[in-house]
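Here's a quick tour of one protein model, aimed at anyone new to reading structures. Have a look at it first, then work through the points below.

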Amino acid sequence: MGVLFSKGVTQRMLEIQFFQLQQAYGSSAAAPVEVTVAELTELWVCSERNVKMILKKLESAGWIEWTPGRGRGHLSKLRFLQEGGGLLLELSKEHVQKGQMKEALELLEQYGQGTDAKARFMAWLSDYFGYTKETASDRPRTEILRFPVFRSVITLDPAKMFYAFEAHLVKQIFNTLVTFHQERRSIEPQLAHYWEYNEERLEWTFYLRRGIRFHHGAELTAHDAAFTFRRLMRVNDPLPHRWLFQEVADIAVPDDYVLRVRLLRPNHLFLRYLCFPATSILPAEWVQGNEALLDRQPIGTGPFQVKELTDNHYVLDTNLTYFEGRAHLDRVEIFVIPPEEFAQLQLPAWEQVICFHSGVSADAQSGRGPDWGEIHLINDGCTMMTFNGRKDGPQSDIRFRKALHHLMNRRGMIETLGENRRFPASGLQPHEYLAMEDHAYDPAAARKLLEEMGYAGEPFRIAVSWKHLNDALWVKEQCEAFGVQVEVTGYEIHEIVLDQNIDQADAVLHQFVNDEGEVSLLELFLRKDGFIRRHMNDDIGARMEKIAADLLASPSPDYRKHRFRELEALLNHEHVVLFLLFKELNTYYNPSVRGVSLNSLGWIDFKQIWLQNV
């Protein structure tokens, strides 16, 4: 190891060739094995010349000893210098340290059979995660937070983000003009240090801080903010979060540090709109020539900047010149691990700072000291299923939708599936009173409704991401116990959001995360590519838009709350969605880790945490 490999033979390929050799001729280092070059040409499917080159590389790496046969009839001899399981473990570790988790797991899966390499690797990996301080002779001490997730990022373009984890990363990389402080429940300055509006609240003026720089060095000005908002407004090739700016009439830049926005009609939630991470300010000049790169190589002004972003490995480095003060951390490393591998991690070793979005139960954690801190939070949003009101199928009949509402034994679902499922849901958000009772469960009423509609066993097709597959399979089992035939199709997260998959499904089972209060609730109804809005028929959509426009025009929070309840009542009355349950987010951390708090997305704010002792 530590050998430089030529262009013709990559290290990855050489590893595979070694383990193929080991599988074919055994891994014993005690005695040499007789081998012919002709046999190796068949094993590696290459010429004799390439076989000799590969053998030379394997010898240079210190993995084998090769003695060519001299003369006719004399066989060559091969001796393994590395025990297969030990080398496999070391190579897998090296892949992880290079950010190549997928390659490490594939190597172990393919060549680790019959060894304890996989178990030893998972134990090492568990220790590798957490908050650590690393030192090296050629660089200063580096404080790093490493943790695993099992969901890949689709995009880090603020205007396209869909999932809570993407929104969380966007908040680490970018800033908005203003921000909402969760504890103080107030809108506060961020990129803008001051703002004002006219009496009708139709014209808003924002005064930007001077001297703020993007990660690539350019200074932020009002021209960047104007570009960002106009991009969200565009009609041709519209972006998913265009709904935020569909009532904006004009944007002007009277000065390099002054932005003026004129609305078509009053919007008393406009400032809250501007707290939404989708409105994060982009560097205009860079994006105009590199818009396609925003998904994977975003540039913002936030406390962290992207150093590396592949399908399975994300590295964020601290922004040393961040205008609100640099983070205590130097780096955040995030590894994407398949759920089946995630479950094999030895949690107490790496749970120094981690949020259990995987559904790991608090009861399953062992090995924590009595002084460990813990944070429990009921997710302000629910797991639910949207019915497709735009296609034929059993779900097009309200009696079928209502029957499923009465078929769901939500308490039974929670008790059966367990993990972090906590309370039955009857609406979008947890109410002040949460209890295990499920007053909607009424099998007799469900059977009567199915009989009235003449249900004859037509298949009901549910689309779901793999994360929520167990929920969908429970729904399927519950329905089929009452004669409702259900087909469940699982998708990767980047697939389920595709228009054709949403449109073809009779229903989509998913989870709503309310991270931005009233704005997140409005997003459910106004975002055109969202599950609820895309499945909603035109009649219900028009009624919904009328209520939404009315609440935006009101300065009264109480009146807006009343109208939001009417929107929720509309969903319930028409059974547009089937509310299922509320989940809990759990965080456990070592007492030496300070600054731990959960943001509105249920994730840890990377900027604030620091390690007191190691």
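**A covered helix, an open sheet and two loop residues**

Among the things that cover the buried residues of helix α4 are α1 (11-25), α5 (101-111), α6 (117-128) and β14 (331-336), where contact means heavy atoms within 4.5 Å and buried means under 20% relative accessible area, exposed over 50% and partly exposed in between (1.4 Å probe, protein chains only). Keep in mind that this is a predicted model: local features need pLDDT of at least 70, side-chain atom pairs count only at pLDDT 80 or more, and totals for chains, interfaces and linings use all residues. Residues are numbered from 1 along each chain as its sequence is written, and side-chain values use heavy atoms, with hydrogens and water left out. Helices (H or I, at least four residues) and strands (E, at least two) are DSSP runs, numbered from the N terminus.

**Helix α4**

- Most of α4 is tucked away, with 11 of its 14 residues buried.
- Those buried residues include G84, L87, L88, K93 and V96.
- How far should α4 (residues 84-97) span at 1.5 Å a residue? The expected figure is 20 Å, taking 1.5 Å times one less than the number of residues, and the end C-alpha atoms are indeed 20 Å apart.
- Just past the end of α4 comes G99, with a positive phi of about 85°.

**The four-stranded sheet**

- An open, antiparallel sheet is built from four strands in the order β8-β9-β11-β10; two strands pair if DSSP finds at least two bridges between them.
- β8 (192-197) and β10 (248-255) sit at the edges with a single partner strand each, so one side of each has no neighbour in the sheet.
- From one strand to the next, the twist averages 20°.
- Five bridges link β10 to β11 (residues 258-263) in the antiparallel sense, and I251 has V261 in β11 as its bridge partner.
- Helix α8 (residues 222-233) lies across β9 (203-208), β10 and β11, at about 165° to β10; axes are lines fitted to C-alpha atoms, for helices over the stretch in contact, and angles run from 0 to 180 degrees between N-to-C directions.

**Two arginines with positive phi**

- R185 isn't a glycine, yet its phi is positive, about 55°.
- You'll find R185 in the loop between β6 (178-181) and β7 (186-189), exposed with a relative accessible area of 55%.
- R201 is another non-glycine residue with a positive phi, near 60°.
- R201 belongs to the loop between β8 and β9 and is partly exposed, at 25% relative accessible area.
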